[in-house]
Amino acid sequence: MSWIHRAACRDVDPEIFFPIASPDTEAGEAAVAQAKQVCGGCSVRARCLNEAIESREPYGVWGGESESARRGLMSTAHRGAS
């Protein structure tokens, strides 16, 4: 069985992971917090985050991390690989 089928988000409306509101607004922060709450107890969170980083997923909350947090992780990983 694929890790995706074990994800805590499998039965959650996917729109919460792709908030329309800007992350710099109160509504955007609330949406990201809601998505992170789902990810918080997920058994495949690390795998999800790794997949998003490897594929350079530009949008949404993956593995409990926002777009900006993943950019920071990708930047750190890139510097470590150099």
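1. A word on terms before we start: contact here means heavy atoms within 4.5 Å. With that in hand, take Ser-66 in this predicted model. Setting aside neighbours within four places in sequence, Ser-66 is in contact with Val-32, Lys-36, Gly-60 and Val-61. Ser-66 sits in the loop between H2 and H3. Its relative accessible area is 14%, so with the cut-off for buried at under 20%, Ser-66 counts as buried.

2. Two of those contact partners turn up again in the largest nonpolar core. This core has 6 residues in all: Ile-16, Phe-17, Val-32, Ala-35, Cys-39 and Val-61. Have a look at Ile-16 while you are there. Leaving out neighbours within four places in sequence, Ile-16 has contacts with Ala-31, Gln-34, Ala-35 and Val-38. There is also a second, separate core of 5 residues, among them Ala-7, Cys-42, Val-44 and Cys-48.

3. Now the aromatic rings. Searching the whole structure gives 1 aromatic pair. The ring centres of Phe-18 and Trp-62 are 6.2 Å apart and the planes stand at 80 degrees, so this pair is edge-to-face. Phe-18 belongs to the segment before helix H1 (26-40), while Trp-62 belongs to the loop between helix H2 (45-54) and helix H3 (67-81), so the pair ties together parts that are 44 residues apart in sequence. Both side chains keep some accessibility: Phe-18 is partly exposed at a relative accessible area of 37%, and Trp-62 is partly exposed at 24%.

4. Trp-62 leads on to the largest pocket, which has a volume of about 300 Å³. In its lining of 19 residues, those closest to the centre are Ala-7, Cys-9, Phe-17, Cys-48 and Trp-62. You will recognise several names: Phe-17 is part of the largest nonpolar core, and Ala-7 and Cys-48 are part of the second one. H1 and H2 are the elements that contribute two or more residues to this lining. By class, the lining holds 16 nonpolar, 1 polar and 2 charged residues.

5. The second largest pocket holds about 190 Å³ of space. It is lined by 13 residues, and the closest to its centre are Pro-19, Pro-23, Val-32, Ser-66 and Glu-67. Here Ser-66 and Val-32 come back together, having already been listed as a contact. H1 and H3 each supply at least two lining residues, and H3 gives the most, with 3 residues. The classes in this lining are 6 nonpolar, 4 polar and 3 charged.

6. One backbone value deserves a glance. Which residue other than glycine has a phi near 55 degrees? That residue is Arg-56, whose phi is positive. Arg-56 is placed in the loop between H2 and H3, as is Ser-66. The accessibility of these two falls on opposite sides of the scale: Arg-56 is exposed, at 58% relative accessibility, whereas Ser-66 is buried, at 14%.

7. Finally, a look at Ala-46, which lies in helix H2. Is Ala-46 buried or exposed? With a relative accessible area of 61%, Ala-46 is exposed. Its C-alpha atom is separated by 6.0 Å from that of Gly-63, although the two residues are 17 apart along the chain.

Technical notes. Residues numbered from 1 in each chain as written. Predicted model: local features only at pLDDT ≥ 70, side-chain atom pairs only at ≥ 80, totals over all residues. Heavy atoms only, no water. Phe/Tyr/Trp six-rings, centres within 6.5 Å; stacked < 30°, edge-to-face > 60°. Helix = DSSP H or I, 4+ residues; strand = E, 2+ residues; numbered from the N terminus. Buried < 20%, exposed > 50% of the residue type's maximum accessible area, 1.4 Å probe, protein only. 1 Å grid on protein atoms, 1.4 Å probe; cavity = no way out; pocket = protein on both sides within 12 Å on 5 of 7 lines; lining within 4 Å. Points joined across faces, edges and corners; volume = space filled by probe spheres on them. Nonpolar A, V, L, I, M, F, W, Y, C, P; charged D, E, K, R; others polar. Core = buried A, V, L, I, M, F, W, Y, C linked by side-chain atoms within 4.5 Å.
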